[in-house]
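Biologist: I have a model open in front of me and would love a guided close look at one part of it. Could you walk me through the place where the two chains come together, and then show me what surrounds it?

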2 protein chains.
Amino acid sequence: MLVTGGEGFVGRHLVNRLAECGHEVTVYDLATGGDLMDSQHLKATMSGHDIVFHLAGYADVRMAGNLFVPVLTWTQHVLEVMREVGVRRIAFSSTSAVYGDTAVFPTPEDCPFPVQTSVYGASKIAAESLIAAYARAFDWRATIFRFAPVLGEGYHKGHLYDFWRKLKQDPMRIEVLGDGQQRRSYIYAGDVADALLIGLNTVRQVNVFNVGHHQTCTVDDSLGWLCESLGVEPERVYTGTSWAGDKRLTLLDCTRLQVLGWTPRVSIRDAVLRTVRSFGT
Amino acid sequence: MLVTGGEGFVGRHLVNRLAECGHEVTVYDLATGGDLMDSQHLKATMSGHDIVFHLAGYADVRMAGNLFVPVLTWTQHVLEVMREVGVRRIAFSSTSAVYGDTAVFPTPEDCPFPVQTSVYGASKIAAESLIAAYARAFDWRATIFRFAPVLGEGYHKGHLYDFWRKLKQDPMRIEVLGDGQQRRSYIYAGDVADALLIGLNTVRQVNVFNVGHHQTCTVDDSLGWLCESLGVEPERVYTGTSWAGDKRLTLLDCTRLQVLGWTPRVSIRDAVLRTVRSFGT
């Protein structure tokens, strides 16, 4: 199995889980010299593998305008090299952001055709679509996973990390974007890795699975757990308005994956605490 | 108004209609030196315009694998140059192919989230998505039109043109891919131009409109009208299987556009006859 982005946050959790299960894993990651723009190197590395987990991408939802074309170029290189070396199975990490401003909660994979609201979501739906078209054209099996926001050891981004950094500087006062009531069905990265493994058992040409928690928590909840973990009690100052594209609610309908036997094993609270502990002290 | 791809098939019909309505139109087309990869030239040309009709693309549905990234690079250049010069309205020509294997007919714009089945559809949904994300980010107005297969003067591609060429060589016998019963709600390019003009009056950040005929015809029907026009009566030989990705039915629900006053003025039969007459004799 080849894992692009295997040195990334979700990639590391997946690679560990694959190794635990006895799979032979090759990591292809820019951090270790695996450039997806280098089709020759990718071809030499991919040769002999049966499955590609294509996780390489940029994790930041807000800033991706100039990354749209490069990210899709990577995906197309992966697909073209798969053709050349004869790999016929691909798993892809997409995002709940592709549901844009959906009004359907929990959101199923076949909710009404959404309008995209972020370049990040646009780049993911573009890559999903190209992968699906290749799977159709060449009779491959493609499995697309749409992740809710992921937490876990090694996730040094996002609002939790921002809160943590600020509280290290000033444990008495914390500014919260918006009203603190935005809800998310955060999922633990280890549960995501399980989902990726279970999704491999699918047999259709194109399979799409939501991956998120059935629970939700608010920004206020997660800040509370963080403060508890740090032993601080800051005054919370709400800005009232959040960043453009911030959503009130992310909650995915994960019935498709649950039917295959998957369910989150780590609560959102524990996912937050594990994440926070990995920040250090 | 700036029209990218203004020398293309739909582009010419639109430019004519815009001129009839008294609009000042600038055509930006590779055929007349307007390269969308040349951002500096695009910037100089776009400056001073209020609306961009972004029609430039590749019309062939079946072969577009290696064009995916270039087409999206064009679209991103258009959007970035709009930002730079301050244009805040864009209309985009997408396709019914984005509905993939939908089971809903007539297909509305918000049908269940489809899986893509062609690289052409994938490239269009990718561009739609990027445009929508920019419109959201910068508070522009974007109008996306999903065209059913378009016919009209100047369309020298597709099955009608193939039939015509073959009948010129052998008027006694014609091979038909599939069983001749594939149905399409072909739309006349002049009616598409009307739709593009009417869609300009929309006020939401992102507007999506289907553009197709409420009638359908089969491949056999259109072949019949072609033969009638040519005065030939060939034996029809059906291959039984068609090309991969060929659909049994394309039929769009165009209620959204009809509510704004649009309706096709040219029947499918007349659209076929006008197309055929433009092939020459």
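At what angle do helix 3 of chain A and helix 3 of chain B pack, and how far apart are their axes?

Modeller: Happy to! Please keep in mind throughout that this is a predicted model. Helix 3 spans residues 68–85 in chain A and in chain B, and the two helices pack at an angle of about 175°, with 10 Å between their axes. Angles over 145 degrees count as roughly antiparallel, and helix 3 of chain A and helix 3 of chain B are therefore roughly antiparallel to each other.

If you zoom in on the residues that meet there, helix 3 of chain A brings A:Phe68, A:Val69, A:Leu72, A:Thr73 and A:Gln76. Facing them from helix 3 of chain B are B:Phe68, B:Val69, B:Leu72, B:Thr73 and B:Gln76. By residue class, this helix-to-helix contact is made up of six nonpolar and four polar residues, with no charged ones.

Now let us widen the view to the whole contact between the chains. Chain A puts 30 residues into it, and chain B puts in 30 residues as well. On the side of chain A that touches chain B, the elements that give two or more residues are helix 3, helix 4 (119–138) and strand 10 (206–211). Although we began with helix 3, helix 4 of chain A supplies the largest share of that side, with 11 residues. The side of chain A that touches chain B includes 19 nonpolar residues and eight polar ones, and three charged residues complete it.

Since helix 4 matters to your view of the contact, let us follow the chain on either side of that helix. In chain A, the loop between strand 4 (89–95) and helix 4 holds A:Pro106. The peptide bond that joins A:Phe105 and A:Pro106 is cis, with omega at about -10°. Turn to chain B and you will find a cis peptide bond between B:Phe105 and B:Pro106, where omega is about -10°. B:Pro106 sits in the loop between strand 4 (89–95) and helix 4 (119–138) of chain B.

On the other side of helix 4, look for A:Asp139, in the loop that runs between helix 4 and strand 5 (141–147) of chain A. Phi of A:Asp139 is positive, near 55°, and the residue is not a glycine. A:Asp139 has 9 C-beta neighbours inside 10 Å, so it counts as exposed. In chain B, B:Asp139 lies in the loop between helix 4 and strand 5 (141–147). B:Asp139 has a positive phi of about 55°, again without being a glycine. With 10 other C-beta atoms within 10 Å, B:Asp139 is exposed.

For a buried residue, stay in chain B and step over to B:Ile90, which lies in strand 4. B:Ile90 has 23 other C-beta atoms within 10 Å and is therefore buried. Leaving aside neighbours within four places in sequence, its contacts are B:Val52, B:His54, B:Met82, B:Ile131, B:Trp140 and B:Ala142. B:Val52 is 38 residues away from B:Ile90 along the chain, yet the C-alpha atoms of the two are separated by 4.8 Å.

Finally, let us place all of this within the fold of chain A. Chain A has nine helices and 13 strands. Its radius of gyration is 19 Å, close to the 19 Å that the globule rule gives for 281 residues, so chain A is as compact as a globular protein of that length. Along the principal axes, its C-alpha atoms fill a box of roughly 60 × 40 × 40 Å. Of its 281 residues, 48% count as buried. Contacts in chain A also reach across the sequence: among those between residues at least 6 apart, 83% join residues at least 24 apart.

Chain A is divided into domain 1 (2–151 + 186–214 + 252–265) and domain 2 (158–182 + 216–249 + 274–278). Taken over C-alpha atoms, the centres of these two domains of chain A are 28 Å apart. One last stop is A:Gly158, found in helix 5 (residues 158–169) of chain A. A:Gly158 is partly exposed, with 17 other C-beta atoms within 10 Å. Between the C-alpha atoms of A:Gly158 and A:Ala19 there are 28 Å, and the two residues are 139 residues apart along the chain.

Terms used
Residues numbered from 1 in each chain as written. Chains lettered and ligands numbered in written order. Predicted model: local features only at pLDDT ≥ 70, side-chain atom pairs only at ≥ 80, totals over all residues. Helix = DSSP H or I, 4+ residues; strand = E, 2+ residues; numbered from the N terminus. Rg over C-alpha atoms; globule rule 2.2 N^0.38 Å. Buried ≥ 20, exposed ≤ 12 C-beta atoms within 10 Å, placed from the backbone. Contact = placed C-beta atoms within 7 Å. Domains from an automatic or database assignment. Axes fitted to C-alpha atoms, helices over the stretch in contact; angles between N-to-C directions. Parallel < 35°, antiparallel > 145°, perpendicular 65-115°, else oblique. Nonpolar A, V, L, I, M, F, W, Y, C, P; charged D, E, K, R; others polar.
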